[in-house]
Structures are given as structure tokens and as C-alpha cells.
Amino acid sequence: MTLHLTKDSTHPARVVAVSPNTRQLLIPFFAVLSSLLLMAALLLLAGKVEAESPAPNKYVAERIALMSSQKKALQDLTAMTRDYIAFDRSGARAARRSLIRSTRRIPRHFRRDVTDLSSHARGGIWTNWADFKRHADDAEKAARALNTRSASGLRRSLPRLISACHNCHQIYRNTPREFTTH
């Protein structure tokens, strides 16, 4: 048993006995408490750093929004083909229309050679514009060819669109990720 000097409000100073078992419990408690405080401080600092990062350029933000809408439509259609959600013909048709409209707009949104930290576009887009535009046209054709009349038709036609997206991303996008389209 170890003796410790302590002070509380009722006694000016007194000797308190602390057993080795109590000391063994206090050390991990303080280690956990200090770890939690450190993590909380880091999370607060991380939030502050993220909040201070500049907003994306107007043109980059429009491209991100365009590609995010394509990603959402592709995720919905993929979920229908994999039976994660029930096939919904009207929902599939709406996703197809959205993809046709957005793939047609790709060249317009990428016409300006503007990038920032939130952009994943490679500079090759603007130096190989004709090839980039051909990839965008392929994606639009694949979107138009989507068969949304049935789940089996969608299963057969969706891979062509996904392939068109991936082919473009392999060349013109930094850090390509599955179905991330900006």
C-alpha cells in the first residue's frame, strides 16, 4: 500500500492510502481520457482546416455537380440490375433521360481549361480535345442505348455505358474510382 498526501475542502491535508489495484485502474483511465481529449482536439482542428479550404472554382463546381448527377443515376440503375432495389421502369427511364442530358453537356462543362484542388480533371482534356469529345460522345450514345424496358434489358445495356465512363476516366481523370465521375 502506498501513502499519498491529498487535500480536500474539509481537511487541509491528510494522508490517503492507495492500493496497487486502484493505481493500476487509474493509469489506463487517464491514458484513455487523454487519448479521447487528443482525438477531440484533432477533430476540431480538422473541421477548422476543412472549413477554411477555398470553395471550388465556379466552373469546376458545375462539372462536379454534372458528374455527381451521373454518378447518382448510374448507382440507381446498377442497384436495379443487381436487385438491390426493385426494378422500376419509370425510375430507370428518368435515370436514362438524366444520363442522356448530362453526357451531352460534358463537352460544354469541360470547355474551359480551369482546375483547382477539388477537380480531378487531367490537363490532357484540353490538349487532346477531339479525343476527349469523342469519349463524351461515346458516353452519350451508350446512354441513349440503355434499355430501360426491363431489368434484363438494363443488365445487357448498362455495361456499355459504364465502360464508356471508365475509358474516359482512365485517360482524363486523376485518381479514377469506380463510378466517381468528376
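User: In this predicted model, is Arg 105 buried, partly exposed or exposed?
Analyst: Happy to start there. Arg 105 is found in the loop between α3 and α4 (106-110). Its relative accessible area is 31%, and buried would need a value under 20% while exposed would need one over 50%. Arg 105 therefore counts as partly exposed.

User: Which surface feature does Arg 105 belong to?
Analyst: Arg 105 gathers with other arginines, among them Arg 89, Arg 93, Arg 97 and Arg 101. Arg 108, Arg 111 and Arg 149 are also members of this group. Together they form a patch of positive charge on the surface.

User: Which element gives the largest share of the positive patch?
Analyst: One element, spanning residues 89-104, supplies 4 residues of the patch. That largest share comes from helix α3.

User: Let's turn to pairs of charges. How far apart are the N and O atoms in the salt bridge of Lys 72 and Asp 76?
Analyst: Side chains of opposite charge can pair when their charged atoms come close. Lys 72 and Asp 76 are 4 residues apart in helix α2 (residues 58-81), so about one helical turn separates them. Their side chains meet in a salt bridge, with an N to O distance of 2.8 Å.

User: What are the relative accessibilities of Lys 72 and Asp 76?
Analyst: Lys 72 counts as partly exposed, and Asp 76 counts as partly exposed too. The value for Lys 72 is 47%, and the value for Asp 76 is 26%.

User: Which residue of helix α6 forms a salt bridge with Asp 131?
Analyst: Helix α6 covers residues 129-144, and the partner lies 3 residues from Asp 131, about one helical turn away. Asp 131 is partly exposed at 25% relative accessible area, and its partner is partly exposed at 43%. The two side chains meet at 2.7 Å, N to O, and the partner is Arg 134.

User: What is the N to O distance in the salt bridge between Arg 134 and Asp 138?
Analyst: Both residues lie in helix α6, 4 residues apart, which is about one turn of the helix. Asp 138 is partly exposed, at 30% relative accessibility. The salt bridge between the side chains of Arg 134 and Asp 138 has an N to O distance of 3.4 Å.

User: Which residues do salt bridges with shared partners join into one network?
Analyst: Here the linking comes from salt bridges that share partners. The residues joined into one network are Arg 104, Glu 140 and Arg 144.

User: How many salt bridges does the structure hold?
Analyst: The pairs discussed above include Lys 72 with Asp 76 and Asp 131 with Arg 134. For the structure, the number of salt bridges is 7.

User: Is Thr 81 buried or exposed, and what does Thr 81 touch?
Analyst: Thr 81 is found in helix α2. At 13% relative accessibility, Thr 81 falls under the 20% cut-off, so this residue counts as buried. Leaving out residues up to four places away in sequence, Thr 81 touches Leu 154, Arg 155 and Leu 158.

User: In what order do the elements of the protein run?
Analyst: The protein has 7 helices and 2 strands. Read from the N terminus on, the order is β-β-α-α-α-α-α-α-α.

User: What share of the accessible surface belongs to carbon and sulfur atoms?
Analyst: Of the 182 residues of the protein, 31% count as buried. The accessible surface comes to about 11900 Å², and the share belonging to carbon and sulfur atoms is 59%.

Note on methods
Residues are numbered from 1 along each chain as its sequence is written. This is a predicted model: local features need pLDDT of at least 70, side-chain atom pairs count only at pLDDT 80 or more; totals for chains, interfaces and linings use all residues. Side-chain values use heavy atoms; hydrogens and water are left out. A salt bridge is a side-chain nitrogen of Lys or Arg within 4 Å of a carboxyl oxygen of Asp or Glu. Buried means under 20% relative accessible area, exposed over 50%, partly exposed in between (1.4 Å probe, protein chains only). Patches are made of residues with over 30% relative accessible area and no salt bridge: like charges are joined within 9 Å, nonpolar side chains (Val, Leu, Ile, Met, Phe, Trp, Tyr) within 5 Å. Accessible areas come from the Shrake-Rupley method with a 1.4 Å probe; for residues, only the protein chains shown count as cover. Lys and Arg count as positive and Asp and Glu as negative; His and the chain ends are not counted. The place of a charge is taken as NZ of Lys, CZ of Arg, CG of Asp or CD of Glu. Contact means heavy atoms within 4.5 Å.
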